[in-house]
Amino acid sequence: MAKNYNLEKRKYVIGGVTIVIVLIYVLRLFDLQIMTEQYKKNADSNAFLHKTLFPARGNMYDRTGKLLVFNQPAYDITMVPREVVNLDTMDLCHTLHISKEYFLKRIEDMRDRRQNPGYSRYTHQTFMTQLSAEEIGVFQEKLFKFSGFYLQRRTIRQYSYNAACHALGDIGEVSKREIENDDYYRRGDYIGKQGIERSYEQHLCGEKGVEILLRDAHGRIQGSYMDGAFDRKPVPGKNLRLSLDIELQMLGEELLAGKLGSIVAIEPETGEILCMVSSPNFDPKMMVGRQRGNNHTMLARDPMKPLLNRAVIGAYPPGSTFKPAQGLIFLQEGIVDEHTNYPCSHGFVYAGLRVGCHPHGSPLPLVPALATSCNSYFCWGLYRMIGDKKYGSPQNALTVWKDHLVSMGFGYPLGSDVPGEKRGFIPNSGYYDDNYNKRWSGLTVISIAIGQGEILATPLQIANLGATIANRGYFVTPHIVKEIEDAELDSIYRTPRYTSVDRVHYEKIVEGMRAAVTGGTCRSGAIPGIEMCGKTGTAQNREQDHSIFMGFAPMDNPKIAICVYVENGGFGATFGVPIGSMMIEKYLTRELSPTSEARKEYIINRPIYYGNQER
């Protein structure tokens, strides 16, 4: 009998097709049961309700233990879209005091996976946030009418003082990008947006917990699943103790009220920021609750820019507060010594170029040049350095000059724990080569000798210069957080950073800054019983000049270094010196003398004109 090869082949074909079909079913079952979350969520949502338990955010205290930032109860309204049936939309809107348009917009945004990547019909979605107990009262009584809607207890920030808004920062609802960058967060969660709230978010936020509740066939809650065996309690955020002195902070804000500017004070030995004032400011309570968005928009549109933290973002010409840094470089490089004299005929005059100066004795060496803030002395010093043949070229000389300044904390962010810190600007040789086609000299760039021209620095950097001089050659990276509960600060905030200038040269600078207070440009700020060292600055501006003061006290074993920067405030002695003096006095003695109290009222009530507008 002949063998049927066609039948034999057909058997293998049918067998292969059968295997393929079985494999398809197996893979599909694997995908549905293992890889796809949708059906699991559907099944789980029928039997379980996973209720997120939000942790309390960490509190903040000042350096003396005063409570600055804490939490108060608030409520979110969430919904599980799949469970919303027979909803009386108008009744819901009336109860929550919202419009139907607002309701529809929230639902649309909720379903938009570009805005809400974690959207699922089977899980809780945030509908409204940060409602107070009063706002939620009526809704809670009628909750049984709105199937699929739930109340979620949360907390919102509260503030003990109307102060330090820029330093403390604020929290707000997470953005799409923040959700994508960290899967810990879900739509409706809160996150630090500015200040310490932002930079210490991981310490402050805590860890979420979960409560698993059992449902019956009708979706009614029957109690905890397995008596809470799989529940997880939330872990509260860690408390922070800040280096801020809230009384000093409030005095600074009072003194700058109605003005544009900043005050930064630092404890030299530790780098701890004692106050960080930026004016104008705002009540931190404005950034809490449902009106946060509207208030933020209003502040963002204010032409005086109250949202701007001028202490770290404002880049200004440092003016004559830059001269101590110049003196240190000239001493280190051997351009001058303590006996070197330079003439001043009411300014620096050479080869047809003139940089003006105020009347004082001439010629004079370094210490009295600092005391009288002589422009000519520092112009001559820079001119000699840029032209010194030992460097080979002006480009090389300027590179050495810049490297010294960088070691003092200029030209780059200091690395503080305040977000948004700007670098300022210290020009290098390439900058001038590009602008002057490589044909420039010390005369071309002479204005940088006195902190003008292209030089820019933040108030934080100027205050840090004061701390560096107070320490005679080193600084610790400035920071606002002093202690973290059950955690260590980053080592950068404990490690001294030494400059490229030898300690011995700092003594002459300290001597000059002390002379400025005893009989020079800072003499009006002298404090009885306190050896204060200071340096005025008057930075040229298109309108009225900026008023600046940089100093520290006491001269030996210093406890505070400070920078005061008042935009359009005129001479350094007009606003900078008296404000700096009062801040130092307040910190060291804990009170102001009757004389200082009278000066305080004068400073507060003295107007400054910005353009044609008085503030």
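This report looks at salt bridges and at one buried helix in a predicted model.

Because the model is predicted, local features need pLDDT of at least 70 and side-chain atom pairs count only at pLDDT 80 or more, while totals for chains, interfaces and linings use all residues. Residues are numbered from 1 along each chain as its sequence is written, and side-chain values use heavy atoms, with hydrogens and water left out.

**Salt bridges**

Let's start with charged side chains. A salt bridge here is a side-chain nitrogen of Lys or Arg within 4 Å of a carboxyl oxygen of Asp or Glu. Searching the whole structure turns up 26 salt bridges. Three of them are listed here, with the distance between N and O atoms.

| Acidic residue | Basic residue | N to O distance |
|---|---|---|
| Asp76 | Arg154 | 2.8 Å |
| Glu178 | Lys193 | 2.9 Å |
| Glu338 | Lys508 | 3.0 Å |

To place these pairs, it helps to know that helices (H or I, at least four residues) and strands (E, at least two) are DSSP runs, numbered from the N terminus.

Asp76 forms its salt bridge with Arg154. This pair links distant parts of the chain, with Asp76 in strand β3 (residues 67-79) and Arg154 in strand β5 (residues 149-159), 78 residues apart. Are these two residues buried or exposed? Buried means under 20% relative accessible area, exposed means over 50%, and partly exposed is in between (1.4 Å probe, protein chains only). Asp76 has 1% relative accessibility, so it counts as buried. Arg154, at 7%, counts as buried too.

Glu178 is paired with Lys193. Glu178 sits in helix α7 (residues 176-181) and Lys193 in the loop between β7 (190-192) and α8 (195-199), so their salt bridge ties together parts that are 15 residues apart in sequence. Lys193 counts as buried because its relative accessibility is 18%.

Lys508 and Glu338 make the remaining pair in the table. Lys508 belongs to helix α19 (residues 503-519) and Glu338 to the loop between α13 (323-332) and β13 (347-350), which puts these partners 170 residues apart. With 38% relative accessibility, Glu338 counts as partly exposed.

**Helix α15**

Now for a helix. Helix α15 (residues 375-387) has 13 residues and reaches 18 Å from its first C-alpha to its last, close to the 18 Å expected at 1.5 Å a residue (1.5 Å times one less than its number of residues). Eleven of the 13 residues are buried, so α15 is largely enclosed by the rest of the structure. Among them are Tyr377, Phe378, Trp380 and Leu382. What covers the buried residues of α15 includes β14 (353-356), α14 (366-372) and α16 (394-407).

Terms used:
Contact = heavy atoms within 4.5 Å.
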